[in-house]
Amino acid sequence: MGEGASCLWDYVAWWAIAFHDYRLFTGDEEFPKRLRKNLYAAVDWLSARAGSDGLIHIPENPCPSWMIVLNKASGPSPYLNVLYLRALRSALEVAEAAGDAESAAGYRTLVGRTAPALESLLREKPLEQEEGMAESSTSVYEILEQMFARGESGTALERIRRNWGALLASGADTLYEGFYAPDGNYPSVTEPHGKRLFISWCHGWSAGPCALLPAEIAGIRPLEKGFRRFRVAPKPEDLDEVKAVVPTPFGEIALALTRSELSLRVPEGTTAEVEFGSPEPLRCTLNPGVHRIRLEGKRG
């Protein structure tokens, strides 16, 4: 890697992170356990590139194009190290689930070293201030995740409107790779020469809001693996209406939220923990069935 071979280190981390997401959303423990040696190999490969401070310091890029991370960063990249810590935690979770005490102890030690170092790094340089983050759809996805985690739902929603809204408003019938139109004027489907800038005209990473909007704006998240118990905590911001359908191993969760009513379908075998509104939030536990709740000014 030090000789200039193009290898995206953040993709290695994302692959490891997917083990956490897979377990949480499907409830399947056996598949991650079977592949845990592969997971360990990927995470150990990243760990071998971390310094004594617990952080990965990206070497200078010897290539004119991207290498290691898509934003061409070097040094202690906040973005890559956020992903690295998540990858470590993913490996730790799988090791614990598999009863692999030795591996779990090793990853627990690495998490304990990296987490405080990353916290200090992010105080010095917040994720969204890292150079080149705004152009890559992988980076924008992580920026949005951080915004939602800090409770900045309105700011994140506006960012989605600015990037993805502008793309769709241009007439795009697919999601182009990256965001290389700072003026918001994206080439339409009838401009093939303009679209060439985007390399891929239909890119998986650009579908980020398809995951984030149901989880953050509709507020539907698993509390137990496989959605056996899930949370519904909508944050509609300035939206008059929110609708979302989330597939689970037990069937579809369906939400419809208006100014006056919250409707929710809870699949058989699951339980929903609902929290919504202010200044006195509605909190209730709902069993399987279709529920309609009058909000009576709960939207604040």
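The following exercises, with worked solutions, concern a predicted model of a protein chain.

**Exercise 1. Overall build**

Determine how many helices and strands the chain has, and how its radius of gyration stands against the globule rule.

*Solution.* Begin with the secondary structure: the chain contains 9 helices and 8 strands. Next, take the radius of gyration, which is 21 Å, close to the 19 Å that the globule rule gives for 300 residues. The chain is therefore as compact as a globular protein of that length. Finally, consider the extent along the principal axes: the C-alpha atoms fill a box of roughly 60 × 55 × 35 Å.

**Exercise 2. The open sheet**

State the order of the strands in the open sheet and identify which strands lie at the edges.

*Solution.* First, establish the order: 4 strands make up the open sheet, arranged S3-S4-S5-S8 with antiparallel pairing. Second, find the strands that pair on one side only; these edge strands are S3 (242-248) and S8 (289-294). Third, consider the twist: on average, neighbouring strands of this sheet are turned by 10 degrees against each other, direction ignored. Fourth, examine one pairing in detail. Strand S5 (residues 261-266) runs antiparallel to S8, and 6 bridges join the two. Within this region, Glu261 stands opposite Arg294 in S8.

**Exercise 3. Helices H6 and H7**

Decide whether H6 and H7 are roughly parallel or antiparallel to each other, and describe their contact.

*Solution.* Start from the geometry: helix H6 (residues 137-149) packs against helix H7 (residues 153-169) at an angle of about 155 degrees, the axes being 8 Å apart. Angles over 145 degrees count as roughly antiparallel. H6 and H7 are therefore roughly antiparallel to each other. The crossing of H6 past H7 is left-handed. Turning to the residues, H6 contributes Val140, Ile143, Leu144, Met147 and Phe148, which meet residues of H7 including Ala156, Ile160 and Trp164. Sorted by class, this contact has 8 nonpolar, 3 polar and 1 charged residues.

**Exercise 4. Helices H3 and H5**

Give the angle and axis separation at which H3 and H5 pack, and name the residues that meet.

*Solution.* Helix H3 (residues 36-47) and helix H5 (residues 101-124) pack at an angle of about 35 degrees, with their axes 12 Å apart. The handedness follows next: H3 passes H5 in a left-handed crossing. On the H3 side, Tyr40, Val43, Asp44 and Ser47 take part, and they meet Ser103, Tyr107 and Leu110 in H5. By class, the contact of H3 with H5 comprises 4 nonpolar, 2 polar and 1 charged residues.

Definitions and conventions:
Residues numbered from 1 in each chain as written. Predicted model: local features only at pLDDT ≥ 70, side-chain atom pairs only at ≥ 80, totals over all residues. Heavy atoms only, no water. Pairing = 2+ DSSP bridges. Axes fitted to C-alpha atoms, helices over the stretch in contact; angles between N-to-C directions. Parallel < 35°, antiparallel > 145°, perpendicular 65-115°, else oblique. Left-handed = near helix turned anticlockwise from the far one by under 90°. Contact = heavy atoms within 4.5 Å. Nonpolar A, V, L, I, M, F, W, Y, C, P; charged D, E, K, R; others polar. Rg over C-alpha atoms; globule rule 2.2 N^0.38 Å.
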